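Hi,

Here's the structure I promised to pass along. Have a look at it first, and then read on for what turned up.

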Amino acid sequence: HPIVARAFQAILSLVNGLMVYMLGRRLFGERVGLGAALLFTVYPSFLFYNNHLLTEVLFTFLLTVTAYCFAAYLENGRLPFLAASGVALGLAVLTRDIVWPMVGIMTLLIGYVTRQDFIRRTWHSAVLLMSFLVITMPWVIRNTRLQDTVTLIATNGGIVFLEGNYEYTPLDRPWRSHALDPELKVRRLLPTGLTEGQRQRIAFQRGLEFIRTHPGLTLRRAVIKAANVWGLERELVGVLLKGGYGKP
């Protein structure tokens, strides 16, 4: 039932507030931990997302757990924390695949703990990668077989990339390409009769081609996108003021 899902998300969000506090305290001290937890608990998007049956709440929690476990590893060099961070990152990637490059950044940061010890660094890197891959690889194999093309986690990345980089991308709200007239939507412009993975690959290639042939427009859009970082938050507040979340 949706109410059960929303209640679970509310509880998970509260636990995540505790994780944010623990992460801030471990990295910067008690005051920073309390301040970060306070900001997290009152930030509009994190409050409103509890009411939406989306991946944001779970994804944010898993990302916070990843950060905390990896920060603990950087502090004491213990492998269980490193393995836990790899597992948590793998689960976060299965929730939203946008953060998979983090495993590479974390591998580089392992050098902070291992210093110049090549063997130790190799061993620690292997622990991180194996704990990450044991979570993600079954899904990668399944997707690749199903989609008839190499598919990592999700099949919407190329679609979203093209929505932000094609001739009909809105300048004022680049994330609202899904609200365009049906004949202008990305999915209508892609070939039919293909798997979602194959269509994603084509969409990604078309997005890159548009960027290559329209560098000036791409730069202009990039500036607007940067200025609209909090655009979605404004929309959520607008929905609240219009009664979209029910009567006060």
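So, to start with: what volume does the largest pocket have? About 1800 Å³. Bear in mind throughout that this is a predicted model.

**The chain as a whole**

Before going further into that pocket, it helps to get your bearings. The protein chain is built from 13 helices and has zero strands, so if you read the elements off from the N terminus you get α-α-α-α-α-α-α-α-α-α-α-α-α. Along its principal axes, the C-alpha trace spans about 55 × 50 × 40 Å.

**Back to the pocket**

The largest pocket is lined by 47 residues, and those closest to its centre are Arg-96, Asp-97, Ile-98, Asn-156 and Val-160. Try clicking on those five to find the spot. Several helices give two or more residues to the lining: H3 (44–48), H4, H5 (79–95), H9 (157–163), H11 (196–213) and H13 (231–241). Which helix gives the largest share? That's H9, with five residues. As for chemistry, the lining divides into 21 nonpolar, 17 polar and nine charged residues.

**How some helices pack**

A quick bit of background: two packed helices are described by the angle between their axes and the distance between the axes. There are three pairs I'd like you to look at.

Start with H1 (residues 2–28) and H2 (residues 30–42). Their axes come within 7 Å and cross at roughly 150°. Angles over 145 degrees count as roughly antiparallel, and H1 and H2 are therefore roughly antiparallel to each other. The crossing in which H1 passes H2 is right-handed. On the H1 side, the residues that meet H2 are Ser-13, Asn-16, Gly-17, Val-20, Tyr-21, Gly-24, Arg-25 and Phe-28. On the H2 side you'll find Glu-30, Val-32, Gly-33, Leu-34, Ala-36, Ala-37 and Phe-40. Sorted by class, this contact has eight nonpolar, five polar and two charged residues.

Next, H1 also packs against H4 (residues 56–76). Here the angle is about 25° and the axes are 9 Å apart. Are the two parallel or antiparallel? Angles under 35 degrees count as roughly parallel, which makes H1 roughly parallel to H4. The crossing of H1 and H4 is left-handed. Among the contact residues from H1 are Leu-12, Val-15, Met-19 and Leu-23, and H4 answers with residues including Phe-61, Val-65, Tyr-68 and Ala-72. In this contact, 15 residues are nonpolar, five are polar and two are charged.

Last comes H4 with H6 (residues 102–109): their axes come within 12 Å and cross at roughly 10°. H4 and H6 are therefore roughly parallel to each other too. H4 passes H6 in a right-handed crossing. Leu-63, Thr-66, Phe-70 and Leu-74 of H4 make the contact with Met-102, Met-106 and Leu-109 of H6. Those residues divide into six nonpolar, one polar and no charged.

**A cavity to finish with**

Rolling a probe the size of a water molecule over the atoms shows where empty space is left. How many cavities of 30 Å³ or more does a search of the whole structure find? Just one, and the volume of the largest cavity is about 60 Å³.

Its lining is made up of Ser-13, Asn-16, Phe-40, Phe-46, Tyr-49, Asn-50, Glu-56, Val-57, Thr-60 and Phe-61. Two helices, H1 and H4, give two or more residues each, and the largest share, four residues, comes from H4. By class, five lining residues are nonpolar, four are polar and one is charged.

A few of these names should ring a bell. Ser-13 and Asn-16 line the cavity, and both also belong to the contact of H1 with H2 and to the contact of H1 with H4. Phe-40 of H2 lines the cavity and takes part in the contact with H1. On H4, the residues Val-57, Thr-60 and Phe-61 line the cavity and also touch H1.

Happy exploring!

Definitions and conventions. Residues numbered from 1 in each chain as written. Predicted model: local features only at pLDDT ≥ 70, side-chain atom pairs only at ≥ 80, totals over all residues. Heavy atoms only, no water. Axes fitted to C-alpha atoms, helices over the stretch in contact; angles between N-to-C directions. Parallel < 35°, antiparallel > 145°, perpendicular 65-115°, else oblique. Left-handed = near helix turned anticlockwise from the far one by under 90°. Contact = heavy atoms within 4.5 Å. Nonpolar A, V, L, I, M, F, W, Y, C, P; charged D, E, K, R; others polar. 1 Å grid on protein atoms, 1.4 Å probe; cavity = no way out; pocket = protein on both sides within 12 Å on 5 of 7 lines; lining within 4 Å. Points joined across faces, edges and corners; volume = space filled by probe spheres on them.
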